[in-house]
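Trainee: I am new to this structure and would like a close look at a single part of it. Could you choose one region and describe how its pieces fit together, after a brief word on the whole?

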Amino acid sequence: MPVSDINVAIELRRRRRRRRNQIIAGIVAAVVVLILVAIWVVRSSSVFSVDTVEVHGTHLVTVSQVEQAAKVQKGQPLARVNTDEVVARVTSMDIVHQAEVHRKWPHTLVIDVTELKVSYQVKTPGGYLWIDPTGAIFNRTAKPTPKVVWATTSSGNRALLRDVATVADSFPVELRRQVDHVEAKSRDAIVVVLSGKRTVVWGSADQSELKGKVTAAMLNVKATRFDVSSPEHPTSR
């Protein structure tokens, strides 16, 4: 093959390689541009902005209260919401035990709330104190909460508050429906007041689960006073 033909062939291969490299470079550049545009659309534009805040798991607090605590600005890009900061603000609420926050594309931020458990409420001249299972006071409201047991007792005695929580948490469903309130003068003198002016002498918080079952089984007995302080030998009159 003449030298001139060889040179032509080499030049053609160079041109093809150069053209292929240019095409690849163009494709890479286009992909990079698309990625940058996508990032801008997600993080900075209003295409994926926050339109809705969904709150789940509320029973003692309202959805509105959680939204106010979360302070999520509507209209901001969903991707730029700092979910850790939202969690911190929501869990700063006295009644909230923990919270989880996640994005639901394209326009929704979801807040899942787990509230502290209220075992019962203590009635005081200044309102109702909310007591958790450990006897800790974590909230106060002016009025009692529907379907939550309330009690009269000393709010300054943590051990007594804890014992009353043990008693309140032990009520079977059929008994809880008939409980009016609990009176606790001391740790060994807890009385459960039922509807119809009936009373249950509970005694201490010991064996509360058994006492609850025994009391529930005696509800059909025509009596105004039940004594389950010794649950193996209950009495009524």
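Mentor: The protein exposes about 14100 Å², of which carbon and sulfur atoms supply 54%. Please keep in mind that this is a predicted model. Its secondary structure comes to 6 helices and 12 strands, and 38% of the 237 residues count as buried. Among contacts between residues at least 6 apart in sequence, 47% join residues at least 24 apart.

The part I propose to examine is the surroundings of helix α6. This helix spans residues 208-217, and its buried residues are Ser-208, Lys-211, Gly-212, Val-214, Thr-215 and Ala-216. The cover over them includes α4 (158-169), α5 (173-176) and β10 (198-203).

Let us begin with Ser-170, a residue located in the loop between α4 and α5. Ser-170 counts as buried because its relative accessibility is 13%, and the limit for that class is under 20%. Its side chain reaches two backbone oxygens: that of Val-167 at 2.6 Å, and that of Ser-208 at 3.4 Å. Ser-208 is itself one of the buried residues of α6. When neighbours within four places in sequence are left aside, Ser-170 is in contact with Trp-202, Ser-208, Glu-209 and Gly-212. Of these, Gly-212 also belongs to the buried residues of α6.

We may now turn to the aromatic rings. A search of the whole structure finds 3 aromatic pairs. One of them joins Phe-48 and Trp-105, whose ring centres are 5.8 Å apart and whose planes stand at 90 degrees, so this pair is edge-to-face. Phe-48 lies in the loop between α1 (3-43) and β1, while Trp-105 lies in the loop between β2 (96-104) and β3, so the pair ties together parts 57 residues apart in sequence. Phe-48 is partly exposed, with a relative accessible area of 25%; Trp-105 counts as partly exposed as well, at 46% relative accessibility.

Another pair brings us back to the chosen region. Phe-171 and Trp-202 are edge-to-face, with 5.6 Å from centre to centre and 80 degrees between the planes. Phe-171 lies in the loop between α4 and α5, and Trp-202 in strand β10, so this pair ties together parts that are 31 residues apart in sequence. Both Phe-171 and Trp-202 are buried. Trp-202 thus appears twice in this account, since the residue is also in contact with Ser-170.

Strand β10 leads onward to Phe-226, which lies in strand β11 (residues 225-227). With a relative accessibility of 1%, Phe-226 counts as buried. Apart from neighbours within four places in sequence, Phe-226 is in contact with Arg-198, Thr-199, Val-200, Val-201, Met-218, Val-221, Thr-235 and Ser-236. In addition, Phe-226 and Arg-237 are 11 residues apart in sequence, and their C-alpha atoms are 6.7 Å apart in space.

For a second helix to set beside α6, consider α2 (residues 63-70), whose buried residues are Val-66, Ala-69 and Ala-70. Seen down the helix axis, these buried residues fall within an arc of 100 degrees, so they line one face of α2. They pack against β1 (52-56), α3 (83-91) and β3 (108-115). Just after α2, Lys-71 takes a positive phi of about 55 degrees.

To return to the region itself, α4, α5 and β10 are among the elements that cover the buried residues of α6, and the loop between α4 and α5 holds both Ser-170 and Phe-171.

Definitions and conventions. Residues numbered from 1 in each chain as written. Predicted model: local features only at pLDDT ≥ 70, side-chain atom pairs only at ≥ 80, totals over all residues. Heavy atoms only, no water. Buried < 20%, exposed > 50% of the residue type's maximum accessible area, 1.4 Å probe, protein only. Helix = DSSP H or I, 4+ residues; strand = E, 2+ residues; numbered from the N terminus. Contact = heavy atoms within 4.5 Å. Polar contact = N/O pair within 3.5 Å; in protein donor to acceptor, adjacent residues only side chain to side chain. Areas by Shrake-Rupley, 256 points an atom, 1.4 Å probe, with all protein chains shown as cover. Arc of directions from axis to C-beta. Phe/Tyr/Trp six-rings, centres within 6.5 Å; stacked < 30°, edge-to-face > 60°.
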